[in-house]
Amino acid sequence: MKQFLIILIPLVVHFSVWGQGEEKVFAAPSSSFIDLSLQTHKGKLRFGLQDGYYIKSDGSYVKNNEASYFEMDKRFSHNNASRHAFTELLKIRFKEDMFAAMDKDFFTVRTPNMYDKEQKSYTAQQHVLNLANALCTTEQAIQFFCNTKEEDCGRVFPKEGYYNEPRNIRYWGGRGASEFQKLRAYTSFVKEKFPLVQEWAKTLNPDNKINGYYVAKTYLGTYDFKEGGYWLRTGEFSNNGFLLRWFGLQPSNSSERKLVHPNGSSILLKMSPEKAETFSESYQYLFLVFDVTGQLNGLENYRADQLKTTFTLNSPLIEIYTDDALTNRIGEIDINTMVSKTR
């Protein structure tokens, strides 16, 4: 009998969405799972602050009675689910010992005094539950998370075109399921679907490096007539964005170190008073874009279950935009020649 080696190659495609750049789609290895659609900037993944979809370049919102609203709403749902699923997939490589210890035949019950192997098994089973919720299509999720004796699954699952919310964790077997139904759902997923998930995870940035752009938002503030510009405070940069966080920046020279001064720092966006007066009437916030290389460094800790990430800068140029879709570029700041100050 001939033997065939099947090599799983991730299919990545790009497509454009109104109001933002192209999205990068990571095709799922099975029709049981959703494809992952992640935002990009100039063809590379976008980290940190994400495009809110509903905000137009002029600062106004897409209203729910506009023709484009539901398309935006569905894209937001897909992107929100994709970012969560992508992160959960990346975590797998740092939990190999846990998945090796995971009981695939029975649930590991949590107790106050668990042995190391039991703790690992329990933690791995919780991660599998998260992955199943994050990755399964609605049709597949009904098989694992719907008890047809108790639920109208067509009513409780997302409408056509929408995706499961990351915080919406359903449990094996569905509402009111017996212990037999729960175990049957769990073992079916672990033995039939989870091996595909593990192989998919291995294809995503296997060297633990990930290139892209880090996007931060800052308040315009008050015009400084003496210095001739606006001070942009790096301390306002959000640390709750996608995958990379500002405090993870690893400076490589004295200029970059000014950006992450422990006392907080500000950089000057130079602008003439004449231009600033009109500008401040139109914009309250600015969006700064950094070309970066991210590094996956494991997990912060098993309790928090957070990826530990850092990043370095690939370019000294900071792009400045007025909209979160990054369509209206107004200039740039060179880190090597920037005017900065600390508190």
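# Salt bridges, strands and rings

A search of the whole structure, which is a predicted model, finds 15 salt bridges. They make a friendly place to begin, since a few of them lead straight into the strands. Side chains of opposite charge can pair when their charged atoms come close. Take Glu319 and Lys42, whose side chains meet in a salt bridge at 2.7 Å, N to O. This pair links distant parts of the chain, with Glu319 in strand S11 and Lys42 in the loop between strand S3 (36–41) and strand S4 (44–48), 277 residues apart. Are the two partners buried or exposed? Glu319 has 7% relative accessibility, so Glu319 counts as buried. Lys42, at 54%, counts as exposed.

Now look at Lys44 and Asp291, whose side chains also form a salt bridge, here at 2.8 Å, N to O. Lys44 belongs to strand S4 and Asp291 to strand S9, so this pair ties together parts that lie 247 residues apart in sequence. Asp291 is buried because its relative accessibility is 15%, under the 20% cut-off. Lys44 is partly exposed, with a relative accessible area of 24%.

One more salt bridge is worth finding on your screen: the side chains of Arg329 and Glu332 meet at 2.6 Å, N to O. Arg329 is partly exposed, having a relative accessible area of 40%, and Glu332, at 42% relative accessibility, counts as partly exposed too. Which residues do the shared partners bring into one network? Lys42, Glu319, Arg329 and Glu332 are joined in this way by their salt bridges.

Glu319 is a good guide to the strands around it. Strands of a sheet pair through backbone hydrogen bonds, either parallel or antiparallel. Strand S11 (residues 317–321) has 4 of its 5 residues buried, so the rest of the structure largely encloses this strand. S11 is joined by 3 bridges to strand S9 (residues 285–299), and the two run antiparallel. Among the residues involved, Val289 has Glu319 in S11 as its bridge partner. S11 also pairs with strand S12 (residues 329–334), again in the antiparallel sense, over 5 bridges. Here Tyr321 stands opposite Arg329 in S12. Arg329 therefore appears twice in this tour, once opposite Tyr321 and once in the salt bridge with Glu332, where its relative accessible area of 40% makes it partly exposed.

A second set of strands can be followed next. Which strands form the open sheet, and in what order? There are 4 of them, in the order S6-S7-S8-S13, with antiparallel pairing. Strand S6 (223–224) and strand S13 (340–342) stand at the edges, each with a single partner strand, so one side of each has no neighbour in the sheet. Inside this sheet, S7 is joined to strand S8 (residues 265–270) by 5 bridges, and the two run antiparallel. Leu232, for example, has Ile267 in S8 as its bridge partner.

Let us turn to the aromatic rings. A pair of aromatic rings is described by the distance of the centres and the angle of the planes. The structure holds 24 aromatic pairs. In one of them, the ring centres of Tyr223 and Tyr230 are 5.3 Å apart and the planes stand at 75 degrees, so the pair is edge-to-face. Tyr223 counts as buried at 12% relative accessibility, and Tyr230 counts as buried at 2%. Trp246 and Phe311 give a tilted pair, with 6.4 Å from centre to centre and 50 degrees between the planes. Trp246 lies in the loop between strand S7 (229–233) and helix H7 (254–257), while Phe311 lies in strand S10 (residues 307–313), so the pair ties together parts that are 65 residues apart in sequence. Both Trp246 and Phe311 are buried.

Rings also gather in a cluster, where ring pairs link Phe107, Phe144, Phe145, Trp172, Tyr186 and Phe189. Charged side chains can be found over rings as well: Arg170 lies over the face of Phe157, at 4.1 Å from the ring centre, and Lys217 lies over the face of Tyr285, at 4.2 Å from the ring centre.

Finally, step back to the whole chain. How is the chain divided? There is a domain 1 (52–203) and a domain 2 (209–342). Their centres, taken over C-alpha atoms, are separated by 33 Å. Where the domains meet, 13 residues of domain 1 are in contact with 13 residues of domain 2.

Key
Residues are numbered from 1 along each chain as its sequence is written. This is a predicted model: local features need pLDDT of at least 70, side-chain atom pairs count only at pLDDT 80 or more; totals for chains, interfaces and linings use all residues. Side-chain values use heavy atoms; hydrogens and water are left out. Rings of Phe, Tyr and Trp (its six-membered ring) pair if their centres lie within 6.5 Å; planes under 30 degrees apart count as stacked, over 60 as edge-to-face and the rest as tilted. Buried means under 20% relative accessible area, exposed over 50%, partly exposed in between (1.4 Å probe, protein chains only). A charge sits over a ring if NZ of Lys or CZ of Arg is within 6 Å of the ring centre and within 35 degrees of the ring normal. Two strands pair if DSSP finds at least two bridges between them. A salt bridge is a side-chain nitrogen of Lys or Arg within 4 Å of a carboxyl oxygen of Asp or Glu. Domain bounds come from an automatic or database domain assignment. Contact means heavy atoms within 4.5 Å.
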